[in-house]
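Hi,

Here is the structure I promised to pass on to you. Have a look at it first, and then read my notes underneath.

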Amino acid sequence: MIRLFDSLKTEVRPLRLREPGKVSMYVCGPTVYGLPHMGHGRFTLVWDMLRRWLTFQGYDVNFVSNITDIDDKIINLAAAQGTTESAIADRYEQEWWTAMAKIGVAPPTHSPHATDYVAEMVTLIEELASQDIAYRLSDGMYFDTSRVADYGALAGQPLDSLRAGARIETVEEKRSPLDFALWKNAKEGEPSWPASFGAGRPGWHTECVVMSLGLLGDGFDLHCGGLDLKFPHHENERAQAVASGHPFAQHWAHNGFVMVDGEKMSKSLDNFTSLTDLLNRTDPRAYRLLVLRSHYRSPIEVSPATIEDAERALDRLDSLARRFELPALAGEEFVSAANQPAGMLSDRVTEYLEDDLNSPLAVAALFEALSQANTLADEGQGDEAQNLAEAINTLFGALGLTLRGQSSAIDAESAEIVKLRDQAREGKNWTEADRLRDSLVKLGWVVEDSPTGTVIRR
RNA sequence: GGCGGCGUGGCCGAGCGGUUAGGCAGGGGCCUGCAAAGCCCUCCACUCCGGUUCGAAUCCGGACGCCGCCUCCA
């Protein structure tokens with residue numbers, strides 16, 4: 001079984017499964033109040049890779065990732081635009097799924113919406129309140145963090161230092177500055193749900209704990225998310241589960257940040273890049289390759305240069321697919337366990353990935369194999385080369401990266417020019433042949449001469 | 001202030017005591033009417049100063065620089 005760094009135990013350890021052969025994993029999804037950004041792209045790609053790999057290994061993966069469709073930011077945006085919260089949430093959820101499809105992230109097994117689980121959230125808060133773990137203040141319900149013995153375990157810091165660092169509180173009557181809102185009382189004109197402790201809406205931390213436990217059950221296997229969610233979001237999810245007597249995630253995994261010019265990408269620094277925009281401008285596979293080529297816990301530098309680098313590397317992969325006529329795999333489809341190739345390459349890739357998801361080493365091994373396959377083919381060992389190329393294709397496919405050997409359909413006009421150019425070349429009329437090549441290039445084709453004549457592709 | 005992480009060749013990015021990481025770019029070659037694409041080969045490293053060791057990018061100590069979390073955040 002794969003070994004992963006566990007943020008709670010701060011060590012790499014095997015992922016243990018509640019049920020043999022079945023993986024239950026939860027990934028904190030987006031709050032839909034804007035276009036997805038590069039950070040969203042990274043976390044979805046990283047956990048999609050893990051999910052695909054586990055599926056490829058024959059595990060039955062129950063992958064839950066939520067949509068947070070009620071939140072202060074959604075409310076504020078709706079007010080600013082004079083529209084409803086649900087209109088905002090719907091619109092950006094659409095954008096989200098469009099981007100996910102484009103980048104080849106497979107849809108979750110379940111993608112719960114926070115607003116569909118409010119009743120369960122109310123029940124949880126009532127339960128906590130009955131034990132005085134949740135308490136009421138003027139603006140809502142709060143969680144008493146002192147009631148969880150190991151609160152701060154995920155943060156990896158002593159409680160004192162967390163308390164010392166806490167900013168000036170707006171709600172001064174909280175029992176501790178660390179206590180967090182479970183429920184926010186309804187305000188004029190804002191969406192709200194009824195509750196015994198007063199109409200209002202749930203706090204973010206309560207949403208995720210209810211949805212994850214609700215769909216995956218007590219003691220599910222793995223909880224994933226961006227490093228910035230570790231504290232306080234994940235800490236607070238865990239606190240609520242522990243306090244209400246539910247064993248929570250047995251393993252925690254966090255991915256690193258997207259960096260721009262050496263700094264964490266964030267809206268406040270105005271170095272924010274929209275994923276939607278990137279996917280419209282570049283080959284969507286480039287970002288996946290970029291993510292695969294760095295370790296999931298390391299920061300990655302995203303810039304036009306690193307994306308272009310990946311696009312060129314992709315060219316080489318595609319040319320392998322062309323040379324060996326490999327089928328296009330992956331996309332929204334999984335490469336199934338039944339297709340696992342035998343051999344040393346597969347063993348190496350497996351070994352690397354099982355060691356805390358070392359995809360950079362796995363990709364390096366695949367590129368080495370690419371050279372090897374080409375060399376074998378050059379030396380006339382066609383069958384061996386073909387087998388190796390197919391293994392490379394399958395293994396990249398298992399990680400969600402599709403190799404594309406097929407060129408796009410050729411229109412009648414271009415086909416005619418190709419025909420004319422081949423005639424010109426046959427007659428050794430190089431001037432005319434070059435002129436026709438130029439016109440094909442202007443139409444956006446890459447023009448190559450082959451033993452059978454002009455070959456064009458895009 | 002507290003806690004944690006990082007500093008690798010032109011760029012990205014692995015590495016966890018001894019072996020070529022890998023990719024992109026650069027250089028050379030093959031192929032080609034010329035190209036393009038592709039293939040093959042190849043130059044270029046480990047922030048600095050001490051220490052441990054037969055041997056350190058890798059371990060220890062120190063210096064400098066950078067980043068993150070502690071606050072909404074993937």
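**What I found around the RNA and in the helices**

A good place to start is D434, where an N or O atom of the side chain is 2.9 Å from a base nitrogen of RNA strand B. Please keep in mind that this is a predicted model.

Two further polar contacts involve the backbone of the RNA. The side chain of D378 places a polar atom 2.7 Å from a sugar or linking oxygen of RNA strand B. At S371, a polar atom of the protein backbone is 3.1 Å from a phosphate oxygen of RNA strand B.

Stepping back to the whole surface, there are 63 residues around RNA strand B, and the ones that come nearest are W204, L229, R293, D309 and D449. Of the RNA atoms that come within 4 Å of the protein, 64% belong to sugar and phosphate. By residue class, the surface near RNA strand B is made up of 21 nonpolar, 21 polar and 21 charged residues.

Which helix gives the largest share of the surface near RNA strand B? That is α12, residues 359-378, with ten residues.

Helix α12 also has a neighbour that you may like to look at. Its axis and that of helix α11 (residues 344-354) come within 7 Å and cross at roughly 165°. The angle is over 145°, so α11 counts as roughly antiparallel to α12. The crossing of α11 with α12 is right-handed.

On the α11 side, the residues in this contact are L345, R348, V349, Y352 and L353. They meet S359, L361, A362, A365, L366, E368 and A369 of α12. Sorted by class, the contact of α11 with α12 has nine nonpolar residues, one polar and two charged.

Finally, there are two points of backbone geometry to check on your screen:

- The peptide bond that joins F231 to P232 is cis, and its omega is near 0°. P232 is part of helix α7, which covers residues 230-243.
- E325 has a positive phi, near 50°, although this residue is not a glycine. Its place is in the loop that runs between α10 (304-323) and α11.

If you have only a few minutes, I would begin with D434 and its base nitrogen partner in RNA strand B, and then turn to the crossing of α11 with α12.

Happy viewing, and do write back with any questions!

Best wishes

Methods:
Residues numbered from 1 in each chain as written. Chains lettered and ligands numbered in written order. Predicted model: local features only at pLDDT ≥ 70, side-chain atom pairs only at ≥ 80, totals over all residues. Heavy atoms only, no water. Near = heavy atom within 4 Å. Polar contact = N/O pair within 3.5 Å; in protein donor to acceptor, adjacent residues only side chain to side chain. Helix = DSSP H or I, 4+ residues; strand = E, 2+ residues; numbered from the N terminus. Nonpolar A, V, L, I, M, F, W, Y, C, P; charged D, E, K, R; others polar. Axes fitted to C-alpha atoms, helices over the stretch in contact; angles between N-to-C directions. Parallel < 35°, antiparallel > 145°, perpendicular 65-115°, else oblique. Left-handed = near helix turned anticlockwise from the far one by under 90°. Contact = heavy atoms within 4.5 Å.
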